[in-house]
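Trainee: Could you take me through one part of this protein slowly, and then show me how that part fits with its surroundings? I work at the bench, so plain words would help.

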Amino acid sequence: MKTKTPVSGGSYGTKIADLYIVHNLAAVNGSSRHTYHVMPPVGWMNDPNGFGEAFGKYHLFYQFYPYGPSWDSMHWGHYTTEDFVKWKLEPTALAPDGADDCDGCFSGSSVVKDGKLYLVYTSVAGDRQTQSLAVSEDGVHFEKLGVVIPSDQLPKGCPKTDFRDPKVFRRGGSYFLLAGGLSEKNEGAILLYRSEDLFHWTFVNFVRKDARTTRGTYECPDFFELDGYDVLLASPQGYKTEDWRYENVQSSIYLLGKFDETRGVFETAVEDEIDGGFDFYAPQTLQTRDGRTVMIAWMQMWQRFFPTAKHGWTGSMILPRELAVKDGKLYQNPVREIERYRWNPVHFGNVTIGNRNELTKVNGTRIELCFTLDLGTAQRVGIKLYQKGEHDVRIYYDRERDRVVFDRSRMGVEITHDAEEKDAVIRSVKVSTERNMLSMRIFLDVSSCEVFLNGGERTMTGNVYSDGDGITFFAEGGTARLVCLDKYDIVV
Ligand code: FRU
């Protein structure tokens with residue numbers, strides 16, 4: 001992609017970023033662009049930031065580098081939405097233009113206080129990471145207020161190089177802040193601070209110290225209460241693989257338990273991976289006006305080859321998900337608002353699946369599929385998506401391993417990955433297959449595939465790069481039955 005020179009003299013700013021966006025929008029090649037997922041207008045996107053409600057809208061900020069499709073000096077881009085499906089691009093909120101954040105405005109959260117929207121972010125200068133505030137009175141323009149947790153407020157022996165991603169929340173009349181960091185022994189850690197006014201913070205405790213983060217820290221903590229549990233989310237770097245879990249080079253996990261915020265102790269009852277696919281990281285949540293907990297996450301993964309970079313952009317967000325806790329598990333389902341965008345319904349019932357079943361009018365790459373499989377006698381039964389000639393992406397149940405598999409090894413584009421990652425093409429999860437049945441809800445959006453299994457018991461998310469749009473059901477080593485199938489085009 002040919003772009004105009006970003007900044008003269010190397011200084012960044014929000015206005016310069018916005019001018020650059022306007023002048024370079026047309027240079028982004030549309031070929032892999034999603035239609036109902038958040039993407040950067042140009043350049044690079046990673047973590048969601050400051051996901052929250054203010055001034056009558058939902059706000060999503062994100063890690064943004066406008067001037068090229070790779071990670072660099074981090075800005076905060078900004079979108080707003082009413083329904084989590086249609087997004088409005090807002091002016092860039094933060095640029096790395098201050099003395100304390102000249103090397104990046106890293107991830108963080110937002111909080112409304114006295115009618116103002118505060119952003120709490122990590123300011124990076126050289127090897128020093130500190131926590132800073134910015135404020136807005138209109139939800140559009142932000143004024144930086146400077147560092148509120150400097151390095152000398154780290155517990156003794158903790159390195160100032162890794163201290164980031166503040167999540168602020170209110171509980172029991174005080175503000176609390178969780179940040180990722182390293183302990184004095186270099187273990188991945190989550191630190192808790194407390195404040196009465198957002199400006200003065202006191203260290204409370206290490207909520208977690210853990211040597212399983214083999215290549216860094218716990219990034220991007222998030223916290224909320226849901227269905228009688230306290231829930232902590234975090235994204236550990238280099239979390240050790242356990243059987244089929246935590247196979248990505250960086251993972252995202254949830255903990256269910258009880259949080260004593262005054263002592264800074266989280267008693268964990270359940271710990272698990274949030275998403276069993278390839279591309280899911282750094283989730284954040286908000287509470288909607290009607291009481292739902294909605295989660296968004298970066299739909300990419302570090303240390304991989306990014307095929308859309310050649311089109312002038314990299315990174316996008318998952319379709320936001322509603323969360324619930326049932327039977328001690330975190331359930332995830334797409335926001336219900338997506339159902340307003342369903343078009344051209346197609347229905348099938350009771351179809352025997354053999355080697356290869358193509359169903360009339362069931363194809364496409366901007367679609368939702370909901371179906372239930374009776375697994376029958378098949379050894380492998382599932383669906384091929386993004387199919388064209390030799391190429392496809394497969395989601396299927398493998399009886400021998402008793403797992404659901406997401407296989408993108410035949411999509412025709414190679415995703416190179418970090419040497420520490422086993423592969424970037426096959427993931428699998430265990431789900432219940434009671435009564436020999438399995439249900440799937442799948443969303444495709446040009447270059448993505450999000451799979452919700454058994455009403456949200458597990459999810460698998462992956463990017464797909466392909467120009468095929470064929471869909472085929474298949475069963476191997478026996479037969480199976482498609483109990484029912486509903487397909488919709490998603491048109492936004
Ligand atoms: C996670 C992360 C954060 C950091 C940000 C920088 O993906 O590494 O820890 O704040 O990205 O862009």
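Mentor: Happy to; we will begin with one helix and the sheet beneath it, then move outward to the cores and the domains. Please keep in mind that this is a predicted model.

Let's start with helix α1, which covers residues 14-24. This helix packs on a sheet and touches strands β2, β3 and β4. Its direction makes about 145° with that of β4. Now look at which side chains of α1 are hidden: Ala-17, Tyr-20, Ile-21 and Asn-24 are buried. Viewed down the axis of α1, these buried residues fall within an arc of 100°, so they line one face of the helix. There is a simple reason for such a pattern: an α-helix has 3.6 residues a turn, so residues three or four places apart point the same way. On the other side of α1, you will find Lys-15, Leu-19 and Val-22 exposed. As for what lies over the buried residues of α1, the cover includes β2, β3 and β4.

That brings us to the sheet itself. It is open and has five strands, in the order β4-β3-β2-β1-β19, with mixed pairing. At its edges are β4 (87-94) and β19 (313-314), each of which pairs on one side only. Further in, β2 (residues 57-65) and β3 (residues 75-81) run antiparallel and are joined by seven bridges. If you want a pair to find on screen, take Tyr-62, whose bridge partner in β3 is Gly-77.

Next, have a look at a second open sheet, this one with four strands. Their order is β17-β18-β20-β21, and the pairing is antiparallel. Here β17 (281-287) and β21 (329-334) stand at the edges with a single partner strand each, so one side of each is left without a neighbour in the sheet. On average, neighbouring strands of this sheet are turned by 40° against each other, direction ignored. Inside the sheet, two bridges connect β18 (residues 293-298) with β20 (residues 321-326), and these strands run antiparallel. Val-294 has Glu-322 in β20 as its bridge partner.

Val-294 also leads us to the nonpolar interior, as it is one of the residues touched by Phe-84. Leaving aside residues up to four places away in sequence, the contacts of Phe-84 also include Phe-51, Tyr-58, Leu-286 and Pro-320. Phe-84 belongs to the largest nonpolar core, which has 60 residues; Phe-51, Phe-84 and Trp-87 are those with the most contacts inside it. Domain 1 (13-334) and domain 2 (341-490) both give residues to this core, so it lies between them. Another core, of 43 residues, lies apart from it, with Leu-369, Ile-395, Met-460 and Val-464 among its members.

To finish, step back to the whole protein, which is divided into domain 1 (13-334) and domain 2 (341-490). The C-alpha centres of the two domains lie 30 Å apart. Their contact takes 42 residues from domain 1 and 43 residues from domain 2.

One more stop, if you have a minute, is the hairpin of β15 and β16. Eight bridges join β15 (residues 253-260) to β16 (residues 265-273), and the two strands run antiparallel. Asp-260 stands opposite Val-265 in β16. Four residues lie between the strands of this hairpin, where Gly-264 takes a positive phi near 75°.

Key:
Residues numbered from 1 in each chain as written. Predicted model: local features only at pLDDT ≥ 70, side-chain atom pairs only at ≥ 80, totals over all residues. Heavy atoms only, no water. Core = buried A, V, L, I, M, F, W, Y, C linked by side-chain atoms within 4.5 Å. Buried < 20%, exposed > 50% of the residue type's maximum accessible area, 1.4 Å probe, protein only. Domains from an automatic or database assignment. Contact = heavy atoms within 4.5 Å. Pairing = 2+ DSSP bridges. Axes fitted to C-alpha atoms, helices over the stretch in contact; angles between N-to-C directions. Arc of directions from axis to C-beta.
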